[in-house]
Amino acid sequence: MSFFELLATIYASLSRHVIRALLATLGIVLGIAAVVSMLAISEGGKRGIIDQIKAQGIDNIILKSIKPTTTTTDSKNASRSIEMYGITQKDFDHIASTFNNIEQIVPIQQKSFNIYSGQNKTDISVLATTPTLFDVINCSIIDSRSKSFPEKNNGIFMPSCYVGVDAARKLFGHRDPMDEWIEIGRRSFRVIGIIEGAGQGRIGGSHNINNVIYVPMAMADSIWGKGNQTRYYGTEVVAYHFLYIKVTDVEYVPDTVARLKSYLSVTHVNSDYEVQVPYELMRAAEKTQRIFTLVMTSIAAISLLVGGIGIMNIMLANIFERTREIGVRRALGATRRDILVQFLTESIVLTFIGGALGIGVGILTAHGAEAVAQFNGDMTIHAIVTTESLLVSLAVSVVTGITFGTYPAWKAARLDQLIALRHHPLILTLRNLPILFAPLRLCGRPFPAISIQRTRRINLNFHVRHIPQKTALPQSFKTTIEHFINTI
């Protein structure tokens with residue numbers, strides 16, 4: 001049998017029972033849909049997390065000042081306390097001069113000023129830093145009119161700043177933010193540049209890159225003092241809230257982190273610092289994502305198992321109904337291998353169709369979940385359908401067809417030729433005739449008289465006395481019974 005003849009035979013077989021075939025593939029459809037939607041949402045979540053981490057730079061090490069439970073206090077002025085903690089200028093100088101595998105070190109100060117848009121308070125942060133930060137965190141200046149950071153005028157700092165794209169949108173709406181003025185700590189700063197970071201990256205894990213106003217550090221020190229932040233209860237002195245340390249190569253990250261921790265554990269007994277390593281965070285995120293994918297795949301495998309059992313059931317039913325066809329084909333010269341290939345191919349075609357439908361349902365489900373999440377304000381969920389996930393899904397469906405179709409195909413190939421030729425599915429149905437006519441007995445009506453006479457080894461003759469008219473059966477019912485008996 002040629003390939004096209006095989007396909008024609010499979011099409012004729014499946015088209016006789018379209019609804020049954022679709023119901024048999026329902027488990028495969030749901031299983032593949034679960035796999036595709038799970039992989040799409042998982043891939044979107046993974047890329048989102050990795051993009052945030054990469055925005056901090058996988059070759060960066062971040063030192064963060066944190067307020068300890070006990071702080072160093074200078075109480076010379078009894079009416080006012082001064083709390084000092086975190087990364088100091090001495091730490092900065094030591095790291096810059098001692099560590100030889102460091103390419104850049106960028107200081108960042110956090111300024112606790114409220115930024116208003118009209119009369120409304122915003123969540124925009126203010127950070128004082130140096131121009132090298134934008135290279136370290138992979139930011140881009142999106143306006144060609146942007147000026148250098150910082151800007152000097154005759155040796156005197158002119159208050160100026162860069163703003164992130166989200167901050168500019170919140171402050172100025174649809175207006176052009178360039179050369180506009182922003183009030184920060186009772187001082188007006190002119191916008192000289194627009195910054196855009198990749199994805200939803202955060203500085204130090206807490207400040208959205210695109211929702212920050214960036215002020216030159218030298219200018220901030222001259223206006224507000226170095227590291228001073230006035231609180232209601234006094235003054236906090238933090239030289240640097242963050243230090244971004246960029247190493248020359250990613251492979252030096254673990255050794256550099258170990259040296260930094262060793263040094264800081266000696267100089268900071270209060271543990272007023274935290275070491276963040278985006279490279280390690282990325283590896284941990286990938287590991288967590290792999291575990292999540294494994295769990296979701298296991299759940300989807302259960303649905304595929306149920307679908308595979310459904311495929312096996314439908315194939316066994318096909319074999320029973322087509323036993324005589326198998327005998328005829330064997331009598332005409334078909335080999336056991338031909339029968340095996342035919343039924344195994346039917347199983348694969350069924351699961352392939354189920355897999356294709358499942359991919360469509362899975363893609364719609366994933367994008368539907370993304371749309372619902374974004375409608376509810378959660379912009380972190382994204383569905384990304386990759387070519388690899390589609391190929392894996394189709395491969396899984398084919399493997400399911402092979403796995404659960406092998407036994408029915410083997411059983412069909414092992415049928416005895418003579419037994420298959422004498423087989424007729426309606427012979428077994430006759431055993432259930434009392435069940436078929438049970439409603440007549442419940443209504444007090446007699447059974448039609450049916451006698452069976454064996455005349456040859458294979459064929460059976462049936463002599464049927466027609467149903468008496470006095471039974472007053474519906475004509476459609478009598479027609480159905482007579483057609484059933486005449487078919488035998």
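This briefing describes a strand hairpin, two helix packings and one buried residue. The model is predicted, and residues are named below by their position along the chain. Among the elements covered are helix α9 (residues 278-321) and helix α12 (residues 387-413), which pack with their axes 9 Å apart, and helix α10 (residues 323-331) and helix α11 (residues 336-375), whose axes are 10 Å apart.

**The hairpin of β12 and β13**

- Strand β12, which spans residues 181-184, has a covered face made up of Ile182 and Ile184, while Trp181 and Glu183 belong to its uncovered face.
- Strand β13, covering residues 187-196, runs antiparallel to β12, and the two strands are joined by four bridges.
- Across this pairing, Trp181 of the uncovered face stands opposite Arg190 in β13.
- Two residues lie between the strands of this hairpin, and Gly185 in the turn has a positive phi of about 55°.

**Helices α9 and α12**

- The angle at which α9 and α12 pack is about 30°, and the two helices are therefore roughly parallel to each other, since angles under 35 degrees count as such.
- The crossing of these two helices, α9 and α12, is right-handed.
- On the α9 side the contact is made by Leu304, Leu305, Gly308, Ile309, Met312, Met315, Leu316 and Ile319, and on the α12 side by Val396, Thr400, Phe404, Tyr407, Pro408, Ala409, Lys411 and Ala412.
- Sorted by class, the residues in the contact of α9 with α12 comprise 13 nonpolar, two polar and one charged.

**Helices α10 and α11**

- Helices α10 and α11 pack at an angle of about 140°, which makes α10 oblique to α11.
- The crossing of α10 and α11 is right-handed.
- From α10, the residues making the contact are Glu325, Ile326, Arg329 and Arg330, and they meet Arg336, Asp338, Ile339, Gln342 and Phe343 of α11.
- In the contact of α10 with α11 there are five charged residues, together with three nonpolar and one polar.

**Glu43 in helix α3**

- Glu43 is part of helix α3, which runs over residues 26-55.
- With a relative accessible area of 19%, Glu43 counts as buried, because the cut-off for that label is under 20%.
- When residues up to four places away in sequence are not counted, Glu43 touches Ile384 and Thr386.

Conventions:
Residues are numbered from 1 along each chain as its sequence is written. This is a predicted model: local features need pLDDT of at least 70, side-chain atom pairs count only at pLDDT 80 or more; totals for chains, interfaces and linings use all residues. Side-chain values use heavy atoms; hydrogens and water are left out. Buried means under 20% relative accessible area, exposed over 50%, partly exposed in between (1.4 Å probe, protein chains only). Two strands pair if DSSP finds at least two bridges between them. Axes are lines fitted to C-alpha atoms, for helices over the stretch in contact, and angles run from 0 to 180 degrees between N-to-C directions. Angles under 35 degrees count as roughly parallel, over 145 as roughly antiparallel, 65 to 115 as roughly perpendicular and the rest as oblique. A crossing is left-handed if the near helix is turned anticlockwise from the far one by less than a right angle, and right-handed if clockwise. Contact means heavy atoms within 4.5 Å. Ala, Val, Leu, Ile, Met, Phe, Trp, Tyr, Cys and Pro count as nonpolar, Asp, Glu, Lys and Arg as charged, and the others, Gly among them, as polar.
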